[in-house]
Amino acid sequence: MAHPSTLYQVNGKLGNPHFQLQSKSIPELTLRIPTTLDVAAIVEVLQNKANSEFDKSVSDATPEELESIAQRWTIVNEPLTHVNFLVQHNGQVLGIAGLGWIGPVNSDGATATCHAERAGAAGVMLQPFGRGKGYAYEALRVVFDYGLRELGLVEIRVGSHLGNLPMKGLMEKFGLQPEATAEEAVDQFGNDLLWIVKRDEWFRTDY
Ligand SMILES: CC(C)(COP(=O)(O)OP(=O)(O)OC[C@H]1O[C@@H](n2cnc3c(N)ncnc32)[C@H](O)[C@@H]1OP(=O)(O)O)[C@@H](O)C(=O)NCCC(=O)NCCS
């Protein structure tokens with residue numbers, strides 16, 4: 001069992017209504033699982049074109065699809081398939097961050113046992129008014145650590161688009177270099193950049 005994180009305080013238990021992660025370096029910054037009352041706030045974040053310019057999974061979605069995405073995020077399932085958080089600052093919703101996918105680390109997931117090692121895919125999206133203040137870095141740092149430490153994931157993948165300079169800059173701040181920029185690496189959402197955060201490396205490095 002990994003030691004508790006020095007980066008954030010875990011309040012409550014995942015799945016419990018008061019569960020939240022509170023940043024230690026920015027205590028006003030919290031991450032919590034949305035409830036059905038937050039669906040409209042999530043849709044507002046997803047619908048803002050300034051947020052989805054590089055994210056086809058969102059920019060191509062209809063309002064009904066966005067609502068269904070947001071509804072899905074209110075559910076904590078077992079085994080976990082996703083953990084998406086609302087990012088708040090002093091109670092104000094800034095955006096979202098989390099693991100939109102959790103699954104077997106190897107692509108032959110269909111044959112994997114329930115004890116197979118798991119990986120996650122992370123992302124962060126903040127409303128323009130919340131940007132440029134280090135909150136995205138902090139939210140993603142908490143998500144990475146929570147996924148690797150508390151959920152026991154072996155790696156977390158982050159996909160983005162070559163043209164997404166803010167995201168490239170953000171990942172560089174973690175000292176991470178993309179794995180692949182080759183055209184053949186483009187996924188179904190148009191992402192042509194992939195970073196992989198490995199558990200062992202994460203625990204060896206001081207982020
Ligand atoms: C990417 C995004 C989350 C960054 O948010 P942010 O709040 O500005 O990021 P932070 O303030 O935490 O900045 C952290 C680092 O990112 C880098 N960065 C942020 N904005 C940048 C920009 N416009 N250009 C280059 N680097 C940038 C910098 O290295 C910065 O560190 P510094 O302030 O010490 O220089 C935000 O632009 C966003 O929500 N974009 C739309 C959604 C999206 O594309 N998400 C990524 C897909 S997963």
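**Pairing of β6 (118-126) with β7 (155-160).** Ala121 has Arg157 of β7 as its bridge partner. β6 and β7 run parallel and are joined by 3 bridges. Helices (H or I, at least four residues) and strands (E, at least two) are DSSP runs numbered from the N terminus, and two strands are said to pair if DSSP finds at least two bridges between them. The model is predicted: local features require a pLDDT of at least 70 and side-chain atom pairs count only at pLDDT 80 or more, whereas totals for chains, interfaces and linings use all residues. Residues are numbered from 1 along each chain as its sequence is written.

**The enclosed strand β6 and its partner β5 (92-104).** Because 9 of the 9 residues of β6 are buried, this strand is largely enclosed by the rest of the structure. A residue is buried if 20 or more other C-beta atoms lie within 10 Å of its own, exposed if 12 or fewer do, and partly exposed in between, with C-beta atoms placed from the backbone. Both faces of β6 are covered: one carries Arg118, Gly120, Ala122, Val124 and Leu126, the other Ala119, Ala121, Gly123 and Met125. β5 and β6 run antiparallel and are joined by 9 bridges. Within this pairing, Met125 of β6 is the bridge partner of Ile96.

**The open sheet of 8 strands.** The strands follow the order β1-β2-β3-β4-β5-β6-β7-β8, and their pairing is mixed. β1 and β8 (193-198) are the edge strands, each pairing on one side only. On average, neighbouring strands of the sheet are turned by 25° against each other, direction ignored. Axes are lines fitted to C-alpha atoms, for helices over the stretch in contact, and angles run from 0 to 180 degrees between N-to-C directions.

**Helix α5 (135-150) across the sheet.** α5 lies across β1, β2, β3, β4, β5, β6, β7 and β8, and runs at about 165° to β6. Two residues are in contact if their C-beta atoms, placed from the backbone, lie within 7 Å. The helix has 16 residues and spans 21 Å from its first C-alpha to its last, close to the 22 Å expected at 1.5 Å a residue; the expected span is 1.5 Å times one less than the number of residues. Since 13 of its 16 residues are buried, α5 is largely enclosed by the rest of the structure. Gly152, with a positive phi near 70°, follows α5.

**The shell around the ligand.** The ligand is surrounded by 23 residues, of which the closest are Gly123, Arg131, Ala136, Pro166 and Gly169. A residue is near a molecule or strand if its C-beta atom, placed from the backbone, lies within 6 Å of it. β6, α5 and α6 (165-173) each supply at least two residues of the shell, and α6 gives the largest share, 7 residues. The shell divides into 11 nonpolar, 7 polar and 5 charged residues. Ala, Val, Leu, Ile, Met, Phe, Trp, Tyr, Cys and Pro count as nonpolar, Asp, Glu, Lys and Arg as charged, and the others, Gly among them, as polar.

**Strand β2 (residues 20-23) between its two partners β1 and β3.** β1 (residues 8-11) and β2 run antiparallel over 4 bridges, with Asn11 opposite Gln20 in β2. β2 also pairs with β3 (residues 29-32), in the antiparallel sense and over 3 bridges; here Gln22 stands opposite Thr30 in β3. A hairpin of 5 residues joins β2 to β3. The covered face of β2 holds Leu21 and Ser23, and the uncovered one Gln20 and Gln22.

**The surroundings of Tyr8 in strand β1.** Tyr8 counts as buried because it has 25 C-beta neighbours inside 10 Å. Leaving aside its neighbours within four places in sequence, Tyr8 is in contact with Leu21, Gln22, Ser23, Lys24 and Val142. Tyr8 and Gln20 are 12 residues apart in sequence and 9.7 Å apart in space, C-alpha to C-alpha.

**Backbone features on either side of β4 (83-89).** Most residues other than glycine have a negative phi, and most peptide bonds are trans. The peptide bond from Glu78 to Pro79 is cis, with omega near -5°, and Pro79 lies in the loop between α4 (63-73) and β4. Asn90, in the loop between β4 and β5, has a positive phi of about 50° although it is not a glycine. Asn90 counts as exposed because it has 9 C-beta neighbours inside 10 Å. The strands that this loop connects, β4 and β5, run antiparallel and are joined by 7 bridges, with Gln88 opposite Val93 in β5.
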